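Me: Got a structure here I'd like to talk through. Can you take my questions as they come?

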Amino acid sequence: MNSNPTSLEVHVAGIRMKNPVMTASGTFGYGSEYADFIDLNQLGAIVVKGITSVPWSGNPMPRITETPPGMLNAIGLQNVGVDGFIEKKLPYLRNFDVPVIVNICGERLEEYLEVTEKLDAADGVAAIELNISCPNLHCGGMSFGVDPELTYELVNSVREKTALPLLVKLSPNVTDITVIARAAEAAGTDGLSVINTLLGMAIDIKTRRPMLANITGGLSGPAIKPVALRLVWQVYNAVNIPIIGMGGIMTGDDAIAFFIAGASAVAVGTANFVNPRAPLDVIDGVHTYLKQYKLDSIKELVGSLQT
Amino acid sequence: MQTSTAAFPKKFDLLTPIISNEQVAQDHYLLRCACPEIARGALPGQFIHVLISQAGVLQAASLLLRRPFTIFTVEGEQISMLYQIIGEGTEVLSHLKPGDPLRVLGPLGNTFHIPLDLHPAIIVGGGAGIASLMLLAIALRKSGVRTLGLVASMNRARLLSVAELKRIGVEMHIATDDGSVGHHGFVTEILTQILEQPHAHELSQPMIYACGPDGMLRAVTKIAQDYRIPTQLAMENRMGCAMGVCLGCVCKVRMPDGGFEYQRVCTEGPVFNAAEIVW
């Protein structure tokens, strides 16, 4: 062991983390589900399942299907609502020394603001991630994230309600992601989460029916990693705020590619479904890479793409 | 299904070599592997989530997600799973050889409720659905509970577990779609015949336990309601994580207030009260 081990500590968008590896929203529940496998204190941050102003029941079944190599989901943001989250889920998370980032969503601007105010007043929330990119809602969600003016208005309004660090999770389902990224930056977000799922579909050719009851769903997993890397790199070149990179990260090497493309931290998502220790394996892999290339910190990698 | 207050066993993710993987009926295989930590805690109805890849490693593969399989039997440190080839994952699985590594996560999910005065237990298994009822049948017979076993399959070549169930003293009734063995028709027709004669079959405190295709489960539920027999269903669904976080495996469950809620087959289930399921 190195007597002065490489530190993985990072300070991103006002969030201090032991390492640059988070869990992606919707893939890690509210943390307790993985207690048999992961000491939550070892994570860089936990991003919890998307929260809305009132509990949502979610979409009809079937909700998920595998597509090589990845998966489509149309869960429809089934969640306990902000009051349920603060009463039933947040107290457990306060037992750990790990930043809790709460992903929030809504159909209307007022809902985002209500959830923000309640989280701002709660104890134990490190940051808010604005989900303006959920592809499985018929209104709200992604409809904000595909329009720069709506993005600006939403982010600006939420910004006025809280001093907590703010991340905006961007949709890949746009013609030019940099336009939305710049709108969010101008409205005062501290960082950007890049990317949410890609809108897709799958068909059962025997029955000619869609594999999902919602017909379309969000594609995630290794299948989207090249798209996510490209979008992180484009956003990195367009804004001056930090990026949390995500999309198909399964290993430490995957994470390293996101740092090189411009991400200051990463989130592990679909990998959690396959490997309950995935975030820890990614942290180990990042550490190994830094040692192998004799790097003192992640900072030396961020945006270091050689072109 | 309300889970009991007793804690469910701790979950483990084990990399273990396959001990055997043999065809036991047309399109059906029985796979055994050593999983001492899972075997120790496994309860009837619980399942494992299995990563199917040649190397058993946690890298990206074309088969990205794990597949859920019920725990068929527990023998010492070994567990077994009885599975039907229904897609790419189970096709690849059927070609794995003894010694090939498998990643097994479990035990997962809740368990069946066995009332103290149960008499008799009526287990109804359609196709590979009988696999979810084997640990239960073994537990029932160990406790001396009289158990009727109603098993359905397409034909004789696909019939599963009849000899094993008979050996532990389950009173067997068989139905096949083509009449090649047992009753020619639906297993639910046998169920109705039995429920029609409660005295002849000594149905003092009966309970039905069923697992199989949706159509069969709906029919069993209807019959159970007509004859007012409490019924538990082991539900199946496509699963993502099996850890309760992806919310992909839900089924629609009736709430006391008349509404419904989507509950996770992997966590609130797989065992549900039949009367609560909204089809």
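Me: How much accessible surface does chain A have, and what share belongs to carbon and sulfur atoms?
Reply: About 12000 Å². Carbon and sulfur atoms hold 50% of that area. Keep in mind that this is a predicted model.

Me: And what are those values for chain B?
Reply: Chain B comes to about 11600 Å² of accessible surface. There, 52% belongs to carbon and sulfur atoms.

Me: What about burial in chain A?
Reply: Of its 307 residues, 62% are buried. For chain B, with 279 residues, the buried part is 55%.

Me: Which helices and strands am I looking at? Just the counts for chain A.
Reply: Chain A has 9 helices and 16 strands. Its radius of gyration is 18 Å, close to the 19 Å from the globule rule for 307 residues, so chain A is as compact as a globular protein of that length.

Me: What does the C-alpha trace of chain A span?
Reply: About 55 × 50 × 40 Å along the principal axes.

Me: OK, chain B. How many helices and strands there?
Reply: 6 helices and 16 strands. The C-alpha trace of chain B spans about 55 × 45 × 30 Å along its principal axes. Its radius of gyration is 18 Å, which agrees with the value near 19 Å for a compact globule of 279 residues.

Me: What share of the contacts joins residues far along the sequence?
Reply: Take contacts in chain A with a separation of 6 or more: 71% of them are between residues 24 or more positions apart. In chain B, among contacts between residues at least 6 apart, 66% join residues at least 24 apart.

Me: Switching to charges. How many positive and negative side chains does chain A have?
Reply: 22 positive and 30 negative. The centres of the two sets lie 5 Å apart. Chain B has 22 positive and 24 negative charges, with mean positions 3 Å apart.

Me: Now one residue. Where does B:Gln46 sit?
Reply: In a loop of chain B, between helix H1 (36-41) and strand E3 (47-51).

Me: Is B:Gln46 buried or exposed, and why?
Reply: Buried, because its relative accessibility is 1% and the cut-off is under 20%.

Me: Which backbone atom does its side chain reach?
Reply: The side chain of B:Gln46 reaches the backbone nitrogen of B:Leu43, at 2.8 Å.

Me: What else is B:Gln46 in contact with, leaving aside neighbours within four places in sequence?
Reply: Its contacts include B:Phe8, B:Pro9 and B:Gly41. B:Thr70 and B:Ile71 are also among them. So are B:Pro107, B:Leu108, B:Gly109 and B:Asn110.

Notes:
Residues numbered from 1 in each chain as written. Chains lettered and ligands numbered in written order. Predicted model: local features only at pLDDT ≥ 70, side-chain atom pairs only at ≥ 80, totals over all residues. Heavy atoms only, no water. Helix = DSSP H or I, 4+ residues; strand = E, 2+ residues; numbered from the N terminus. Buried < 20%, exposed > 50% of the residue type's maximum accessible area, 1.4 Å probe, protein only. Polar contact = N/O pair within 3.5 Å; in protein donor to acceptor, adjacent residues only side chain to side chain. Contact = heavy atoms within 4.5 Å. Rg over C-alpha atoms; globule rule 2.2 N^0.38 Å. Areas by Shrake-Rupley, 256 points an atom, 1.4 Å probe, with all protein chains shown as cover. Lys, Arg positive; Asp, Glu negative; His and termini not counted. Charge placed at Lys NZ, Arg CZ, Asp CG, Glu CD.
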